[in-house]
Amino acid sequence: MNRKAIGIVAHVDSGKTTLSEAILYKTGTIRNPGRVDKGDTFFDTYNLERQRGITIFSKQAVFEMENMSVTLLDTPGHVDFSAEMERTLQVLDYAILLISGSDGVQGHTKTLWRLLDKYEIPTFIFFNKMDQEQADKDRLLQQCKALLSENIVDFTDQESDTFVENVILCSEDESLLEDMLLSENAHDVISKDDIAGWIAERKIFPCFFGAALHMDGVETLLQGIKDYASNVVNKQD
């Protein structure tokens, strides 16, 4: 079975522990998702964490998805505990960068992005709290492309030709772009394995949208991880 270490990183109050709970619930690891405001989350087990409603120590849980065993690591989001978070980055195969849909890219988000680049960690992006009035999908994408990377690609509509074009542009393979222009079906030009390889090489950063508190978009994120991370050889192997 393929084993992956995947960490969730975020600016504080973006909903990182809530997403962790949603993932554990959707994968059948826990029966009921906890809530930070109720102090009953799976990860925040220390009294101080429950009192303050923040993650202080990195912790882990293991779950399985088809042929992949995932060690999920929940990391501190508060800048005061950045050293603990950075230690965790060094063991990751993939990261999920969580961005609040209502707040967008914040100062610590950019710091996290630089660290993910430093340690060369392939990264999935999840825009959380998209149920809030301030959350605007197009604005968020534009902001992230401007402040983080032009190679952030919306993976919520993978059937469109626009998706294929965006992916191929990120791959920087001109011959594939020519093949796509000549093909009757753009999807025939590339495979999931191609995309998985580009994600692993940090040429593409897939992004997804949802609201973890309401379980919206979590299954789509998990499917993306299954499709594009499960068969890639770990960097450590």
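## A walk through the model, one selection at a time

Start by selecting glutamine 142: with a relative accessible area of 56%, this residue counts as exposed. Keep in mind as you go that you are looking at a predicted model.

**Stop 1: helix H5 and what faces it**

Glutamine 142 sits in helix H5. Now add isoleucine 152 to the selection and draw a distance between the two C-alpha atoms: you should get 9.6 Å, for residues that are 10 apart along the chain.

Stay here and pick lysine 137 and aspartate 154. Their side chains form a salt bridge, with 2.9 Å from N to O. Lysine 137 belongs to helix H5 (residues 137-147) and aspartate 154 to strand S6 (residues 152-154), so the bridge ties together parts that lie 17 residues apart in sequence. Buried or exposed, or something in between? Lysine 137 is partly exposed at 33% relative accessible area, and aspartate 154 is partly exposed too, at 22%.

**Stop 2: two cysteines**

Next, select cysteine 144 and show its side chain. Where is the closest cysteine sulfur? It belongs to cysteine 207, and the two sulfurs are 7.6 Å apart, which is too far for a bond. A disulfide would need the sulfur atoms within 2.5 Å. Go to cysteine 207 and look back, and you find the matching picture: its closest cysteine sulfur is the one in cysteine 144, at 7.6 Å. You may want to hide the surface for this stop, because cysteine 144 is buried at 0% relative accessible area and cysteine 207 is likewise buried at 0%. How many disulfides does the structure hold? The count is 0.

**Stop 3: more salt bridges**

Side chains of opposite charge can pair when their charged atoms come close. In this model there are 7 salt bridges, and you have already seen the one between lysine 137 and aspartate 154.

For another, select aspartate 74 and lysine 16. They form a salt bridge whose closest N and O atoms are 3.2 Å apart. Color by secondary structure and you can see what is being joined: aspartate 74 is in strand S3 (residues 68-74) and lysine 16 is in helix H1 (residues 16-26), so the pair ties together parts 58 residues apart in sequence. Both partners are under cover, since aspartate 74 counts as buried at 0% relative accessibility and lysine 16 counts as buried at 7%.

Then move to lysine 226 and glutamate 66, another salt bridge, with 3.7 Å between the closest N and O atoms. Lysine 226 is part of helix H9 (residues 218-229), while glutamate 66 is in the loop between strand S2 (59-65) and S3, so this pair links parts that are 160 residues apart in sequence. Glutamate 66 counts as exposed, at 63% relative accessibility.

**Stop 4: two backbone oddities**

Most residues other than glycine have a negative phi. Which way does lysine 129 go? Its phi is positive, about 60°, although the residue is not a glycine. You will find lysine 129 in the loop between strand S5 (123-128) and H5. Lysine 129 is partly exposed, with 21% relative accessible area.

Methionine 215 also has a positive phi, near 70°, and is not a glycine either. Look for methionine 215 in the loop between strand S7 (205-209) and H9. At 19% relative accessibility, methionine 215 counts as buried, the cut-off being under 20%.

While methionine 215 is still selected, add tyrosine 25. Their C-alpha atoms are 9.2 Å apart, though the two residues are 190 apart along the chain. Tyrosine 25 takes you back to helix H1, where this residue is partly exposed at 35% relative accessible area.

**Last stop: a charged patch**

Switch the surface on and color by charge. Select Asp173, Glu174, Glu178 and Asp179: these residues gather in a patch of negative charge on the surface. Which helix holds glutamate 178? Helix H7, which runs over residues 174-182.

**If you want to retrace the route**

- Glutamine 142, in helix H5
- Cysteine 144 and cysteine 207, with sulfurs 7.6 Å apart
- Aspartate 74 with lysine 16, bridged at 3.2 Å
- Lysine 226 with glutamate 66, bridged at 3.7 Å
- Lysine 129, with phi of about 60°
- Methionine 215, with phi near 70°
- Asp173, Glu174, Glu178 and Asp179, the negative patch

Note on methods. Residues numbered from 1 in each chain as written. Predicted model: local features only at pLDDT ≥ 70, side-chain atom pairs only at ≥ 80, totals over all residues. Heavy atoms only, no water. Patch = residues over 30% accessible without salt bridge, like charges linked within 9 Å, V, L, I, M, F, W, Y side chains within 5 Å. Areas by Shrake-Rupley, 256 points an atom, 1.4 Å probe, with all protein chains shown as cover. Salt bridge = Lys/Arg side-chain N within 4 Å of Asp/Glu carboxyl O. Lys, Arg positive; Asp, Glu negative; His and termini not counted. Charge placed at Lys NZ, Arg CZ, Asp CG, Glu CD. Helix = DSSP H or I, 4+ residues; strand = E, 2+ residues; numbered from the N terminus. Buried < 20%, exposed > 50% of the residue type's maximum accessible area, 1.4 Å probe, protein only.
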